[in-house]
Amino acid sequence: MSRMQQTPTGLSAQQVEESRRVHGRNLLTPPERPSLLRLYLEKYRDPIIQILLVAAAISLLLAFVENDYVETIGIILAVFFATTVGFYFERDAARKFDVLNALGEEEPVKVWREGCLVAIPMQDIVVGDIVMIETGDEVPADGELLECVDMQVDESSLTGEPVTDKSLDRESAGAYPANVVLRSSMVMSGRGLFRVTAVGDHTEIGRVARKATEITSVKTPLNQQLDRLAALISKIGSAVSIAAFFLFLIHDILVNPTVWQQLEWLTMVREVLKYFMMAVTLIVMAVPEGLPMAVTLALALNMRRMLKNNNLVRKLHSCETMGAVTVICTDKTGTLTENRMTVVDVFPAEAPLLSEAIAVNTTAELRSPKDADEGVVPSEGIGNPTEVALLSWLRARGEDYRSLREGTEVVSQQPFSTERKFMQTVTPTHTFTKGAPEIIMSQCDMSADERAEVERRLADWQHHAMRTLAFACDGRFQAVCAISDPVRRDVPPAVAACRQAGIEVKIVTGDVSATAVEVARQIGIVTQEQQDDPINPKASNFFITGADFAALSDDEAERCAHSIAVMSRARPADKQRLVEMLQRSGEIVAVTGDGTNDAPALHHAHVGLSLGSGTSVAKEASDMTLLDDSFASIAHAVMWGRSLYRNIQRFLYYQLVVNVTALLLVLFGSVIGTELPLTVTQILWVNLIMDTFAAMALASLPPSAEVMNEAPRNRNDFIISRKMGTAILLTGVLFFVLMSAFLVYCERNGTDGINIHELTLFFTTFVMVQWWNLFNAKALGSNRSAFSGLTRDHGMLLVLSLILLGQWVIVTFGGRMFRTEPLSLTEWGFIILSTSLVLWIGEGIRRWGVWNQPFLKHFTF
């Protein structure tokens, strides 16, 4: 198909504003969301909340009879705060997801305006714009083609057809004319120009009401583990609560037989209700209600912080899975290197028709000469970075590539593909080809001396980690060039951090072996000795080409997959097969990719990492996008993933210790026949309110670099390890022994049992023990002090202050609602100082490694 003879002019700034005023912005109206009231009411569908509401209703009926509403108000307030806090944080997480989804509207699109090719956000496209689309691009709006070169489009999002041929002819066997392109379709091959005819809701996909910003819910491996944990704890909690209900009831019947014998119904109902509510609150105490919020909050905070570190999380599970990754298969160009291409040498530099070959057989565009005069870096352009470098080389020689391009008619064009490894453009007089030197040279007749000289230069360039490219015209060799792309400065330390963390790093690239291996040496994947002797017995298949890997059987490929450090001249199918072979042997694999053909490997990997400069197809297939294209962002993602998992473990440790202690205390109280040591409202405060604050504190802890010194976790391991489970039980039992000793002392010290003041002391002591244990939870799995970095943990400090303030308010003003009475300053000081032993014992353990002893090593603070 012919190329347009003149450079498109495009719209002026005034025309753009007028078109936007008439036709609107290129935005799809988001789907109607449930009202805030409906979302809030959904929080009351939780079974535990519903049980508490039933208990509150029964309590309210009795309150009418006795004219005492204190306990009823306490329960209602606790339920209100529990549902409201959960609602707030879920809404906050949803808002963050909306922000992430809205970033899709900022995807850059290549548009001709005022005679220049510029990149603008997708949402700024207007009717009348002339847009350039190439392989891998998402069509940003509906339009009619003005130019079309071997274009095939995936319209499956609209018609179900994965591949549709496009041309300038209106006739088509498909659902839409062949010269029409539609928003959300993907360019699978070829290139073209089209004039926008519809934007936003007026596009075809806008009319069929696509829910463009709807958030999908992913059941992550972590959530599955937490579901298992919640089900187990619920069963235990239910059994304990039923046992406690009957124990307390039987004890009451034995102690107060007159009430039951004389059938004093009101008193009987009140007692049964009291023990029923106690049983319900035991279930509340046993079931970790804070877990869903802790996970939601941790994911939301991680996604926001990872975005600041240039990691755009597209799928939730990638946050946690990155922490379990054992192998990273990374591309070279742009990820390990700066993707700042510069032509450093051409041989021979004065080859006939070389300027025409570069100008015509490329599709990239440079910034306008006006921009260059104003100081814009000449190599800045739009399109393939290698082609931008070639055009910049032409401009530096005083050649105007646009004049050469516009003065030449294009009969046909074959875009570059990773399978062919060359691009070809046919004009009425010549056929220009550029691509991989070994491919181009195999198609040309060359003398032995010429071939030897070219191969010598290629070997020297490749040994210095330079990309190489060859040109041919009408089957005759023209020239080869060397393109420099330096390694990013932050990559070697990032690779070292990954290797220290037990993660293998493999380079999988379409570049030649010598260049790929030299880059591997520079970033620390291989040594100079291995580079000089790549096939020694200790490193069999250390370097391999895609073709050689494809020739192996599945069993052979699986055996050698682990020892591969560099795969060069890899095709997309080779990358996908390597991923599958590693997965078969139990590895958790992350893969980077930027091209349309990388989509299968990105989809098959446990975590697909697309590049910010990559195609829309690659991004859609990925789980996470590296906005800066850098490998260092991958290392950060691993650290975030591991820290996320650790923070959730910390919250589990903290909450389950609270639960175990409280369950044992209430059961112990039923056995010795004392008053409920913790009332319904007190238990609700501890579990639904205090643990909610703990979730906020522990989920907001920043990532720790020390997690990169550990081996990757087994993805199938239960989130509560045996060591952690033992620590929870031992800590819970220790706290129970101390608190029950306090309870027995108070019981035997008084003449009429335990009074309200003593129960207030008991309640406050219980809360302060857990308050100090929050410090230990912060340092779980670490040898660092709990005070390390505490001044930077603003969320932790705020939560500690809120819990302490809340406890003082409850004790001082709670009265009958919380069964408390004010404590003196001396009593507060004694409780705080004495319970701080919990922290100091933990500090001693971390300082001197006491728990490395054969028995105590199972007890982890």
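**A six-strand sheet, three helices and two cores**

Six strands make an open sheet, ordered S10-S17-S16-S15-S14-S13, with antiparallel pairing. Two strands count as paired if DSSP finds at least two bridges between them. Strands (E, at least two residues) and helices (H or I, at least four) are DSSP runs, numbered from the N terminus. This is a predicted model: local features need pLDDT of at least 70, side-chain atom pairs count only at pLDDT 80 or more, and totals for chains, interfaces and linings use all residues. Residues are numbered from 1 along each chain as its sequence is written, and side-chain values use heavy atoms, with hydrogens and water left out.

Q: Which are the edge strands of this sheet?
A: An edge strand pairs on one side only. The sheet's order is S10-S17-S16-S15-S14-S13. The edges are S10 (342-347) and S13 (412-414).

Q: Over how many bridges do S10 and S17 pair?
A: S17 covers residues 476-484. Asp345 stands opposite Ala482 in S17. S10 and S17 pair in the antiparallel sense, and the number of bridges is five.

Q: At about what angle does helix H16 run to S17?
A: H16 (residues 448-463) lies across S10, S16 (467-473) and S17. Axes are lines fitted to C-alpha atoms, for helices over the stretch in contact (heavy atoms within 4.5 Å). Angles run from 0 to 180 degrees between N-to-C directions. For H16 and S17, the angle is about 15°.

Q: What is the distance between the end C-alpha atoms of helix H13?
A: H13 has twelve residues, 385-396. The expected span is 1.5 Å times one less than the number of residues, so H13 should span 16 Å. The model agrees: the ends are apart by 16 Å.

Q: How many residues of H13 are buried?
A: Buried means under 20% relative accessible area (1.4 Å probe, protein chains only). Among the buried residues of H13 are Thr386, Leu390 and Trp393. H13 is mostly covered; of its twelve residues, the buried number is nine.

Q: Which helix gives the most to the largest nonpolar core?
A: A nonpolar core is a set of buried Ala, Val, Leu, Ile, Met, Phe, Trp, Tyr and Cys residues joined through side-chain atoms within 4.5 Å. The largest has 122 residues, and Phe631 is one of those with the most contacts inside it. The top contributor, with 22 residues, is helix H25 (residues 631-672).

Q: How many residues has the other core?
A: This core lies apart from the largest one. Its members include Cys560, Ile564, Ala570 and Ala599. Its residues number 23.

Definitions and conventions
Buried < 20%, exposed > 50% of the residue type's maximum accessible area, 1.4 Å probe, protein only.
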